[in-house]
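User: I've got a model open on my screen and I'd like to talk through how it's put together. Can we go over it bit by bit?

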Amino acid sequence: DSGIEWLGEIPEHWGVFKIKHVASLHSGHTPSRQHPEYWEDCTIPWFSLADVWQIRDGIREYLDETKEKISTLGIQKSSAELLPAGTVVVSRTASVGFSGIMSVPMATTQDFANWVCGQKIMPEYLLYVFRSMGEEFKRLIMGSTHKTIYMPDVATFVTPLPPLHEQNLIVQYVQKKKQDIERLKSAVSLSIAKLEEYRTALISAAVTGKIDVRKDVA
């Protein structure tokens, strides 16, 4: 028994840790819009709620595009941070609980909790932990109109922690199964499209007399 309700039982040789003990937690920030110079010569990707659509469906894992960019000066004059590739981001306001991995260095708005993984946890494994925490996110959400998980609660997040070689095997397994599921979805979608074409052709043939329906309905 892990002692954590949403985790339940885990393999005996795994550990359970607060995520902040195996990855460093960083909040995002928005440089002041009242200083136009902070928003000139912008080259640094800046992940915001306008970009959450990329990870809503749980398919995409790596993030490299953002609607807006910020400048080096904007970062220097604010609490925004340029975080390294491999940082795991989790949305904590409005669209709560969506997660992804930075594939390039980025900054984020304050709407995200950002985790820079240490040597004991893989970014991809931590991403899948977050993607399995839906019910826990719901439990921690505050507010009915503007939904938020506050940073003190974010700091209490826990993770099961297998040895690194098992994390790697888990990541490979999940990625392969996800690929299999996407292939099945594509095949089913193609079948549905063909059936819809057949339905249209059938109706057309029936109403124009190309099919003799008298025996079939007699």
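**Rings, sheets and a helix crossing**

Analyst: Sure, and keep in mind that this model is predicted. To start with, Trp115 is buried, and Phe130 is buried too.

User: Are the rings of Trp115 and Phe130 stacked, edge-to-face or tilted?

Analyst: Planes under 30 degrees apart would count as stacked and over 60 as edge-to-face. Here the ring centres are 6.2 Å apart and the planes sit at 40 degrees, so the pair of Trp115 and Phe130 is tilted.

User: How many residues apart in sequence are the parts that this pair ties together?

Analyst: Trp115 belongs to strand 9 (residues 112-117), while Phe130 belongs to helix 2 (residues 123-131). The pair therefore ties together parts whose separation in sequence is 15 residues.

User: Which residues do ring pairs link into a cluster with Trp115 and Phe130?

Analyst: The model has five aromatic pairs by the ring-pair rule. Ring pairs join Trp115 and Phe130 into a cluster with Phe137 and Phe157.

User: Which strands are at the edges of the five-stranded sheet?

Analyst: That sheet is open, with mixed pairing and the order 2-9-6-7-4. An edge strand here pairs on one side only, and that holds for strand 2 (23-27) and strand 4 (62-63).

User: In what sense do strand 2 and strand 9 pair, and which residue stands opposite Ser27?

Analyst: Strand 2 pairs with strand 9 over five bridges, and the sense is antiparallel. Across from Ser27, in strand 9, stands Ala113.

User: What about the three-stranded sheet: why do strand 5 and strand 8 each have one side without a neighbour?

Analyst: The order in this open sheet is 5-3-8, again with mixed pairing. Strand 5 (68-70) and strand 8 (107-108) are at its edges, so one side of each lacks a neighbour in the sheet because each has a single partner strand.

User: And which residue of strand 8 is opposite Phe47?

Analyst: Strand 3 (residues 44-47) and strand 8 run parallel and are joined by two bridges. Opposite Phe47, in strand 8, is Thr108.

User: Back to helix 2: is its crossing with helix 5 left-handed or right-handed?

Analyst: Helix 2 lies across strand 4, strand 6 (88-91), strand 7 (99-102) and strand 9. Its axis also comes within 9 Å of the axis of helix 5 (residues 164-207), crossing at roughly 60 degrees. Residues that meet there include Tyr125 and Tyr128 in helix 2, and Ile170 and Val174 in helix 5. The crossing of helix 2 and helix 5 is left-handed.

Notes: Residues are numbered from 1 along each chain as its sequence is written. This is a predicted model: local features need pLDDT of at least 70, side-chain atom pairs count only at pLDDT 80 or more; totals for chains, interfaces and linings use all residues. Side-chain values use heavy atoms; hydrogens and water are left out. Rings of Phe, Tyr and Trp (its six-membered ring) pair if their centres lie within 6.5 Å; planes under 30 degrees apart count as stacked, over 60 as edge-to-face and the rest as tilted. Helices (H or I, at least four residues) and strands (E, at least two) are DSSP runs, numbered from the N terminus. Buried means under 20% relative accessible area, exposed over 50%, partly exposed in between (1.4 Å probe, protein chains only). Two strands pair if DSSP finds at least two bridges between them. Contact means heavy atoms within 4.5 Å. Axes are lines fitted to C-alpha atoms, for helices over the stretch in contact, and angles run from 0 to 180 degrees between N-to-C directions. A crossing is left-handed if the near helix is turned anticlockwise from the far one by less than a right angle, and right-handed if clockwise.
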